[in-house]
Each structure stands twice: as structure tokens, then as C-alpha cells.
Amino acid sequence: IDFLDWDWKSNDKEDEIMARIDEAERKAKTIEETRKSLPIFAYREELLNAINEYQTIVIVGETGSGKTTQLPQYLFEAGYTKGGKKICCTQPRRVAAMSVAARVAEEMGVKLGYEVGYAIRFEDCTSDKTVIKYMTDGTLLREFLSTPLLGDYTCLMIDEAHERTLHTDILFGLVKDIARVRPDLKLLISSATLDAQKFSEYFDNAPIFNIPGKPYPVQVCYTKAPEANYISAAITTVMQLHISQKNGDILVFLTGQDEIEAVQESLQHTCRVLGSKIRELMICPIYANLPPDMQSKIFEPTPPGARKVILATNIAETSITIDGVTFVIDPGFVKQNVYSPKTRMESLLVVPCSRASAVQRSGRAGRVGPGHCFRLYTQHAFHNELEENTVPEIQRTNLANVVLTLKSIGIHDVMRFEFMDPPHEQALISALNDLYALGALNNNGELTKLGRRMAEFPLDPFLSKSIIWSEKYNCTEEVISIISMLTVQSSVFYRPKDKKFHADKARQNFVRPGGDHFTLLNVWEQWVDTNYSMNWCYENFVVYRSMSRARDVRDQLVGLCERAEVDLNSNPNPGDLVPVQKSIVSGFFMNAAKLSRFGESYQKAKYGEPGRTIHIHPSSSLFQVNPKWVIYYELVLTSKEYMRQIMEIKPEWLIEAAPYYYSKSELDSLEGKKKMPKNNQNNQNNQNNQNNQNN
Ligand code: ADP
Ligand code: MG
């Protein structure tokens, strides 16, 4: 691949510099020396003084300056955990929470889970001894449910604030609120980018503390022409670098596990073919679902003579720092949730990243010495096709979960919650309507008993409703199994390139009538029957890791059922699919779709736009079966808009599950029995009025 301003001939002079840096890096520094060498160390006293003086401060520093790993330790050393109190540091990503906690435990010479621990959804690795607790922003949010004033903590560090994740944005409002009633509480808002002014203003002009970094220059190279396939372009660039450049590790930004695995496989294949003709290439993937023992591999020093290539998601952008990287390859994409309040559809899309992201990514090449960043797109695309900044997640998500959480924390008037960037009003109204249709709110917008129970589960309201409702239908065990499997659905089946035929056959054997939910249930139940066998997974092309994770999730859900007072029962007649189908419909009625009269496409049963069709994903057991009515778990946009994890249903169940959401006439008209009512809007209003009277 040709890049502007770049010559593939190895640059000897630079290599020499790199070799020296490599050598210096390899001379093992003690932990103490490493800590003192971080840019933040010089500001330790100043920082502690500022924290002492002000309740809230905003801290800005380059990635790798030591904010995440050092600040909590400084606070601990300064005595902020006396009397059994804790310091909390939130992270948007669970991999970051785990890996940083492990690092800090090591620096402090303690066992992970004792003095230093982490808590993420479905996993709590802390103890009574824990004084520094790393957690995801979502986990801290849930702690507000049980302890609204967070009395256990003396300091809250909301880290990676620039990421503006949904949970972080809500935490801003909540922590600002409790800081008013807890003058003893310290708030640290830390960010890797310079737009800290906004945070400062939001927190009543809190002082901004800058940690100057001294990164090395990074040369940015663009492709001369657009690349049709960024995956193969990334693979080619890695190999070109590996062959032509003597030193320096490579970091590649990809959008998800599937891409990472594909690139890993291809690189391994190429290296095998080239054999001893090239140096060793150590390939390290890093993404959210990677098991912790494999995560730590990226931090291991590269063996002499070898080169490390890290295949990472956005997590390597600012959340975790990997030393030794000199080459960054940036295809310029990211996987993002996109929500349309109009159609109420949420879909996971691969979209171009923002210019701000691209700049952060290139910065990762200049930590140990001068670096290079290869953008797999043109300079023109950088200036004209990328957005300036990423839109905060709160403005592109279904807010049902957020509203439910806020309501259960006691924030009744969600429309007046102090958001840093308020979500679209329409999105909030849809969320309130959805919760109302689910039965979580009454017609005064107050939490119902059902809503309170739903909030006990760290799940989307659609899932928690299904669990709670399944008790009535005598099939909680089955529904919990299905929901646990749905949390890992994208990675249950293994399909290696050279064994596609066998893998597909194995998968076909799991198929059960009714749809993908029952197929997943079947996989789960068979695995349980083998006593969680690893071998069985291997023989049946099932991913053991995903199954183990589903098992962990399921154990947690069983525990949560007890808290939410849901009795566990099991379908006495497993051949009867209806109880399970009705339970799933009770939560997922909004994801109903009807086969169009001609062809194989579907249309959403409600809020569908004429002309906008959705399709059954080819991996579904219902592909080409095309039942008249289906419920789907998620929408994914690739070449078309696809539904994934699909179940066959009957339209009358929709009315049974959500009488205020669907009307018979509406569904009849979809079936072609009657003409569409002329004025849909009126129809909707009437329904709501009727609804209010009935409740
Ligand atoms: P910041 O939060 O400012 O981006 P960090 O505190 O995360 O910075 O990182 C500081 C240093 O700690 C980095 O140089 C990084 O190399 C090192 N570090 C962080 N996590 C780990 C880990 N899991 N293993 C080894 N080194 C780590
Ligand atoms: Mg950090």
C-alpha cells in the first residue's frame, strides 16, 4: 500500500534510535522507579494540595501520564482511606477496570481483590479490606441504588470523562448532586483531552489541573487513494512494516472481536507461510470479551528480536496504555450504537471515527520515541468525511434503562435532570412511553412494583421484564438460560475457515423449532448435561469461553431473582414452546416484525417506516423459513439491516403482552385485513388516553 510522504525503505538512523530506546526500556526498572518516571509524579504534592483545597477538580493529562494508576494511590498514601473508607475510580470499559486494578495491586504489592479490587457487571473482585476500588461507570451507577449517598467513599474519580459514555454522563449529574450534601466528598474528573473547559463549567467552574506531557512527534501518513477494504489494507500494512522496519511494536485499531480474530488468523497464516524468512511476530488481541489471562499478554515485554502487534478495539485509544508502540495503524472506524428516536430502532453500526479519535489514536505511537501513524484513508477523507467529535452516547441510545435507573434512585423528574448534554426530548419521551408500555411506570410516571423489581437486574428493561414475567408462565429456568445465552450470542458458535462445513453441520444439529432462542436454550441444556464439558464444546464447534461466561451470568441472575422475589420454576412440558415465547414477548414486544406481503423482507410492527425493511440474518435458523410474525433480539446493519436472534410469535400475544402499545386494528391492518387508519398520530393519542383511564 502506498502512503503519502512515506518510503517503505527502512530508515536506518531512526532504527538506531529505536534500538537504543528498546534497550533502555528492557533494562528492568523497579516498580518504584517506574512510578517516579511518570509525568504525573512531579505534580504529586501540588495535586494533593489542590484536592485538599477544592471539593471538585478537573484533571487533564495525556494518555499514559499516570492518572488512572497513580492518583488513587496518591489519595491512599495521603490518608483518604482512614477509618475503613474507600477510593473509587470509574472506567467506561470493564477490561480497563480489570487491567488497571491488576496493575495497581502489583504496584502496591498486594493481591488483587484485597486492598485493591475491581467490580464490573456480573463480577465483584473486592473484599472488606478493599480501599482502592476500580469499577465500571455502570457499576457505580448501580451502587446509587443501594447506597444513595455513597457513604463508603471519600473520593470519587470519574475517569476517562472525555469518553462521555452514557453511564459517565449520568454519573456527572448524580455525583454533582451528592457533593452538595456531602462536603467531605472529593470529586476528581479526569480526562485525556483538552476540552476540559466544559467539565469545569458543568461542575460550577471547578479548577482545571493540567499535567503537561512530553510525547514524541508522530508522523501521520495517509493513503494516496481510498482503500476498498480496510481489513485487508490493515493486514498488508502490518506485514509491510514488519518486513521493512527493524524495530518498534505495532498497534492496529479495529472495531470488534470478529475483525480482530479475522486479522489475527490472517497474520498467523502469513507468518506460517513465510516461516523463518521473517522475524517472529507476536500477535496480541485485546477486546472486551477476552479472558483476563490473555489480556495481560499485551503488557508483557516483547522478546528480543521479535515484534509485537497489538490488535485492539477502541480500548487502546485512551483507556489503557501499552508501552513500546511506535507504529499505529488506523483504519478510521469504530463500532457504535446508533439509535433513531423516530423509528425507535437501536442498531450497532461500524461508522467512521471522529477526527478527535483519530488524533488520540495517532498519539499512541509517540510514547517511547518518535512514531508513525498510518491512516488507511486519504487526507481529504480526514478533513471532509470525519466528524469533529464523537456524539455523546446519551444522544444516540435508547434511554429506557437510564430512565428506569434514575427513577429507582428517586429522581422523578427525568426531564429536568441536569445532563451535561441533554438527550433529545423525544428520546426521553419514548423511553418513558416504553417503560409505561412495559408496566414499569404507572400513568403518573411513577415506578410500579414491577418497575422496582426490574431495576434490581443490571439488564435492559426488556430482558428483566421477560425474566419477571416468566414466573407466571412457569418457565423462569428456561428464560434465564436463554437470556444468559443472549448476552454471549454473537460468539457461541465457532466457525473456523478450514472447517466451515463441519461447523455449520454441528450448528444445524442444535436447531430447534420456534427459532434461535430455542436453539440457544438447546445448546445450553446439552452443555449442562455434559457437566460443562470443554471437550463437548470442542467437538460441537461451540466456544467454551462464551459458554463459561453465560454460566457466570446465569449464576448471577439466579441470585438476583431471589432479590427481586422471582421464584424459580421450570416448564413442566418442555415440548410446549408457548410459555417461553410469551415470556420473551412480554419484554420484547417492541421488537416485533411482520413479513411483508411480497418477498422475504420484514417491517417493524410499530413505528416502522414504509419502505424501510429489515431482514432475517443468514445465520438465523429461521433464515428462509420466514415466519409471518417474529420478535428479534437486536438489529445489525451490514449490507442490509439484519435482525439477529429471532423467535416466531403470534400477533395476538403482542396485544396480550402490551394492550396499551398495540391495538388489534393496527395489527389487523398490517395483516392486510383492514385499511391503515388515516391518522396514526391521533390513534396513538387515543390509545394513551384510554390507557390513563384504565390504570
Ligand atoms: P493514564 O491514566 O494517565 O492514561 P495510566 O495510569 O493508565 O495513565 O498509565 C501509567 C503507566 O502505567 C503507563 O506507562 C503504563 O505503561 C503503565 N501501566 C498501566 N497499566 C498497566 C498494566 N496492566 N501492566 C503494565 N503496565 C501498565
Ligand atoms: Mg487512564
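Here are a few questions and answers about a sheet, its helices and a core in this predicted model.

In this prediction, local features need pLDDT of at least 70 and side-chain atom pairs count only at pLDDT 80 or more, while totals for chains, interfaces and linings use all residues. Residues are numbered from 1 along each chain as its sequence is written, and chains are lettered from A and ligands numbered from 1 in the order in which they are written.

Reader: In what order do the 6 strands of the open sheet come?
Author: Strands here are DSSP E runs of at least two residues, and helices are H or I runs of at least four, numbered from the N terminus. Two strands pair if DSSP finds at least two bridges between them. The pairing is parallel, and the order is S9-S16-S13-S10-S12-S11.

Reader: Which strands are at the edge?
Author: An edge strand pairs on one side only. That picks out S9 (218-222) and S11 (281-286).

Reader: What is the bridge partner of Ile 286 in S12?
Author: S11 and S12 (residues 307-312) run parallel, joined by 6 bridges. In S12, Ile 286 is partnered with Ala 312.

Reader: Which helix contributes the largest share of the largest nonpolar core?
Author: Such a core is a set of buried Ala, Val, Leu, Ile, Met, Phe, Trp, Tyr and Cys residues joined through C-beta atoms within 7 Å; buried means 20 or more other C-beta atoms within 10 Å of a residue's own, with C-beta atoms placed from the backbone. This one has 181 residues, with Ile 87 and Val 252 among those with the most contacts inside it. The largest share, 9 residues, comes from helix H5.

Methods: Buried ≥ 20, exposed ≤ 12 C-beta atoms within 10 Å, placed from the backbone.
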